[in-house]
Amino acid sequence: MEPPASSGTAAGDRPAHPGRTIAGQLARGVLGAGLLVMPPVVASLSGGDGLLVWTAHLLLGGTVALVLAELVRARLGPASLAAAVGSLLGVRAERVVDGVFAVAFTAGQAAIAWFAATALLTAADGTPPAAGTDGLPLALGVLAVGVAGALSPLEPPAALLRWRPWAAGALALACGVLLWPAVPEAGTALAPAGLSDGSARWLALAALFFAGVGWESVTHAVPAAGAGARRTAAGVALGTAGVAVVSLGLAAAQAHGARAPAPEPLRWGLAVATAAVLASYVLTNVRTAARIAARLHPAGRRSAARRPAGALVAGVGAVCCAFAWAGARDGGVPLLLLGPAAAAVVGYALGAVAAVRRGGAVLRCAGALLLAVLVGLAVLAVPSLSGV
């Protein structure tokens, strides 16, 4: 998640309720397209352990947010995760974070487009079709709409962006209650074939980091709020609780939704609405990826630029389409989501390294523990996913 460009916050601009402000910005940073994409993906991979997988992710994400919040609170002004890490560890670390997130955003948009395509293909009978290239034209179409919007002079109104997570959440709740799309069998775009139960659960937990890209939004929100240690911790805890209520509520709705198929007109309405909301996320995320990519060039490090160059946006769109083509296989959606997941792990691990190197005694211990957990999860997950 790309924070608003800012070099600092004047004391007079600080919010009256900094804890609530931090909580709201954290929740908005985490809750996005993953509201629609992740519940059916996790349900298809984790069987009856979906709530456990979600809970593990939320505990880890809340810990990441708390460590990053304390790291930047009294040391930095409002900044992206890459800029914060760069300020504490050097330019190379900043470029590593920017580089992995630039690539990850393109893979993530391909996954979003494939999910939208699967939703449209599912509208006819309510059951996700077998994996194949049938959905590729639809996925490329969703990407084309999003990239065309990103290339246009269109600027989505701020009010629309504020309300979009609410619309995505309401739509996700409706889909969960109606159990649409139905939890797919292995061999569809949402679930690869041939995985053991353990490997499928590891894939679900890893893919959930796509929904967790946004925990790092505290690197902008906390310095801007200017809160003390207690209010910062309270704000992060409140924001994490809000994310937990929404995420676990959607997971529970997916697990206990209606068993009778929704009427076909309603399925088409949900499918079209899902595709439209996800295309809007593609639009804003492609621009974000282009801004991140621009910072990688020595002459293009303009983090405050509102609009990236058209050629760069088109290039990002082309990479998204290449990833979409590669995703035309069983389990394409969760496998593409491993791109954003890997970027999140790298960025959060570097944040933990910065906490170990630049923090006080308590923060160093917390950073070391977080780093150990992230590395341990990666070490355990890679062998389980190597045969996918």
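**Salt bridges, a long helix and a buried threonine**

Q: Starting with Arg 329, is that residue buried, partly exposed or exposed?
A: In this predicted model, Arg 329 counts as partly exposed, at 32% relative accessibility.

Q: And which side chain does Arg 329 meet in a salt bridge?
A: The partner is Asp 330, with an N to O distance of 3.6 Å.

Q: How many salt bridges are there by this rule?
A: The count comes to 5, and among them is the one where Arg 287 meets Glu 155 at 3.7 Å, N to O. That pair links distant parts of the chain, 132 residues apart, with Arg 287 in helix α11 and Glu 155 in the loop between α6 and α7.

Q: Are those two buried or partly exposed?
A: Arg 287 counts as buried at 4% relative accessibility, whereas Glu 155 counts as partly exposed at 36%.

Q: Switching topic, which helix gives the most to the largest nonpolar core?
A: That core has 114 residues, of which Val 37, Met 38, Trp 215 and Tyr 348 touch the most other members, and helix α5 (residues 91-122) gives the most to it, with 16 residues.

Q: Why call α5 largely enclosed?
A: Because 24 of its 32 residues are buried, α5 is largely enclosed by the rest of the structure.

Q: What about Thr 232, where does it lie?
A: Thr 232 lies in helix α10 (residues 229-255) and is buried, with a relative accessible area of 2%. A polar atom of its side chain lies 2.8 Å from the backbone oxygen of Gly 228.

Q: Which residues is Thr 232 in contact with, leaving aside neighbours within four places in sequence?
A: Thr 232 is in contact with Ile 22, Ala 69, Arg 73, Val 222 and Ala 227.

Methods:
Residues are numbered from 1 along each chain as its sequence is written. This is a predicted model: local features need pLDDT of at least 70, side-chain atom pairs count only at pLDDT 80 or more; totals for chains, interfaces and linings use all residues. Side-chain values use heavy atoms; hydrogens and water are left out. A nonpolar core is a set of buried Ala, Val, Leu, Ile, Met, Phe, Trp, Tyr and Cys residues joined through side-chain atoms within 4.5 Å. Buried means under 20% relative accessible area, exposed over 50%, partly exposed in between (1.4 Å probe, protein chains only). Helices (H or I, at least four residues) and strands (E, at least two) are DSSP runs, numbered from the N terminus. A polar contact is a pair of N or O atoms within 3.5 Å; within protein, one must be able to donate a hydrogen and the other to accept it, and residues adjacent in sequence count only if both atoms are side-chain atoms. Contact means heavy atoms within 4.5 Å. A salt bridge is a side-chain nitrogen of Lys or Arg within 4 Å of a carboxyl oxygen of Asp or Glu.
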